[in-house]
Amino acid sequence: MRAKRLFTTGLSIALGFALLAGAARAQTAAPTRDDIVGKLNHFEEAAEVDLPALKQQVMERAKARIKNDPGPVNRPPIVPDLAKLPAFNVQIQFDADTPIIQPASYQTVGRIADAMVHSSLLPYTFLIVGHVESNSKTREANAILSQRRADAIRDVLVNTFKISTKRLHPIGLGEEQFLDRAKPTSAVNGQLQILTYAKLPEEAPAHPAAAPAPAAKKPAKKR
């Protein structure tokens, strides 16, 4: 009887581990191209965002030593207009404190590239937005890290998957715009965002070369 109970207990533990392993695989499964297209193809209006100015504002705010800083829970987002854009949020695995993408996440980056060349998304440009959860590091260090990680994703999309660099705009927001402000230390706040940003400008049609003017006829010589 005791052996039977031990066998039953062992079987239950094994099943529990199998269920946990299955759940872990489900959580880390790469999204499909259609999942990403479905999130990004609802573009209606471009957000008015000056990206070079925003990068400067992020660094200035992250460096500031504000006496009455409200803290991460109450810190206002630095660019709330991004919430108006279609967004795909994804957990990309990086080596700790670096912009080095772990091999397990390359499939996910490849799916993002597949989505960007889908016919419904070809007319658009995208923001690659890096975030970092609140941690023991300074806000300035986290702002720099989030920018480097956004740049790293851009570089892989361009160099490995041949997405035009004109369509990609990396920006790191660090701790200056949490995805879940109520839980600033949550891993959710370390997710990367891809946002449909604007329509590509239409190229002017090439004008055909003007036909050469006919040569002027020489007057006939008088005889």
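1. Let's start with the salt bridges. In this predicted model, the count comes to 8 salt bridges. Why can such pairs arise at all? Side chains of opposite charge can pair when their charged atoms come close. A few of them are worth a look in turn.

2. My pick to look at first is the pair of arginine 139 and glutamate 176, whose side chains meet with 2.7 Å from N to O. Arginine 139 sits in helix α5 (residues 139-159), while glutamate 176 is in the loop between β3 (168-174) and β4, so this salt bridge ties together parts that are 37 residues apart in sequence. Buried or exposed, arginine 139 and glutamate 176? Both are buried. There is a further partner too: Arg61 joins Arg139 and Glu176 in a network of salt bridges.

3. Now try arginine 154 and aspartate 155, another salt bridge with an N to O distance of 2.7 Å. Here arginine 154 has 21% relative accessibility, so it counts as partly exposed. Since buried means under 20%, arginine 154 does not make that class because its value is 21%. Aspartate 155 is partly exposed as well, at 33%.

4. Arginine 33 pairs with aspartate 34, and the closest N and O atoms are 3.2 Å apart. Arginine 33 is partly exposed, with a relative accessibility of 36%.

5. On to the sheet. It is an open one of 4 strands, running β1-β4-β2-β3, with mixed pairing. β1 and β3 stand at the edges with a single partner strand each, so one side of each has no neighbour in the sheet. From one strand to the next, the twist averages 25°.

6. Inside that sheet, β2 and β4 are paired in the antiparallel sense over 6 bridges. If you want a spot to zoom in on, isoleucine 128 stands opposite isoleucine 194 in β4. Two helices pack on the sheet. Helix α3 (residues 51-63) touches β2, β3 and β4, and its direction makes about 20° with that of β3. Helix α4 touches β1, β2, β3 and β4, with its direction at about 170° to that of β1.

7. Last, helix α2 (residues 33-40). Which of its residues are buried? Ile36, Val37 and Leu40 are. These residues cover an arc of only 100° around the axis, which puts them on the same side of α2. As for what covers them, the list includes β1 (87-90), α4 (106-116), β2 (124-131) and β4 (192-199).

Terms used. Residues are numbered from 1 along each chain as its sequence is written. This is a predicted model: local features need pLDDT of at least 70, side-chain atom pairs count only at pLDDT 80 or more; totals for chains, interfaces and linings use all residues. Side-chain values use heavy atoms; hydrogens and water are left out. Buried means under 20% relative accessible area, exposed over 50%, partly exposed in between (1.4 Å probe, protein chains only). The arc is that of the directions from the helix axis to the C-beta atoms. Contact means heavy atoms within 4.5 Å. A salt bridge is a side-chain nitrogen of Lys or Arg within 4 Å of a carboxyl oxygen of Asp or Glu. Two strands pair if DSSP finds at least two bridges between them. Axes are lines fitted to C-alpha atoms, for helices over the stretch in contact, and angles run from 0 to 180 degrees between N-to-C directions.
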